[in-house]
Amino acid sequence: MVHIITDTSALFTVAEGNDMDVHVIPLCVSIQDEHYRDLCFDTSSFLEKVRSGGIPTTSQPPIGDVLAAYEEHGDEEILNICMADGLSGTYQTALMAKEQAPNADSITVLNSQTLCGPHRYLVEKAVKLRDEGKKAADIVAALKESMAHEHSFLIPQDFSFLKRGGRLKPAAASIGG
């Protein structure tokens, strides 16, 4: 059986991952000098910090967490589906952990080239194929076929937040809003 690993950018909690036999590794989240693991904090107090001007930042899971997930499954096939490498260092961290893993030959790391909803879809598709008895190479081929023909779009609801975070220039945020 193929063991699937992903991170919380796929919009699964650790508990939801456990229900699907998927190892979900939480991203790291920081806001106003407080640090959390993704989806492991009180949402209402977090949103209050955002409303009061706090700008949350995220970073990839620690390499030790990824390596531990790899080592947990020994020499069994592992497929780690990561968020887009242009959006996070998660993919590079997964590759570095693979280099250090004693079971590196059994690990496949896939750059999903996306995040959130489409990333979640790819993980769900991988679970379905795994449950049908497919091997990692077959699952990766099917996911790459999906990735080649599907597109996603990000439509922000609050351009001022993107301006505060430095992702948009003030003029672009005003026009976009």
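The structure holds one cavity of 30 Å³ or more. Here a cavity is a set of points, on a 1 Å grid over the protein atoms alone, where a 1.4 Å probe fits but cannot get out. This is a predicted model, in which local features need pLDDT of at least 70, side-chain atom pairs count only at pLDDT 80 or more, and totals for chains, interfaces and linings use all residues. Residues are numbered from 1 along each chain as its sequence is written, and side-chain values use heavy atoms, without hydrogens and water.

The largest cavity is lined by I5, T6, D7, I25, P61, V66, N80, C82, T90 and A94. Lining residues have an atom within 4 Å of a point. β1 (3–7), β6 (78–82) and α4 (90–100) each give two or more residues to this lining. Helices (H or I, at least four residues) and strands (E, at least two) are DSSP runs, numbered from the N terminus.

The second largest pocket is an open site. A pocket is an open set with protein on both sides within 12 Å along at least five of seven lines. S112, Q113, T114, P118, Y121, L122, S146, M147, E150, H151 and S152 line the second largest pocket. Two elements, α5 (116–131) and α6 (136–149), give two or more residues to this lining.

| Site | Volume | Top contributor | Lining residues |
|---|---|---|---|
| Largest cavity | about 50 Å³ | β1, three residues | six nonpolar, three polar, one charged |
| Second largest pocket | about 190 Å³ | α5, three residues | four nonpolar, six polar, one charged |

Each volume is the space filled by probe spheres set on the points, with grid points joined across faces, edges and corners. Ala, Val, Leu, Ile, Met, Phe, Trp, Tyr, Cys and Pro count as nonpolar, Asp, Glu, Lys and Arg as charged, and the others, Gly among them, as polar.
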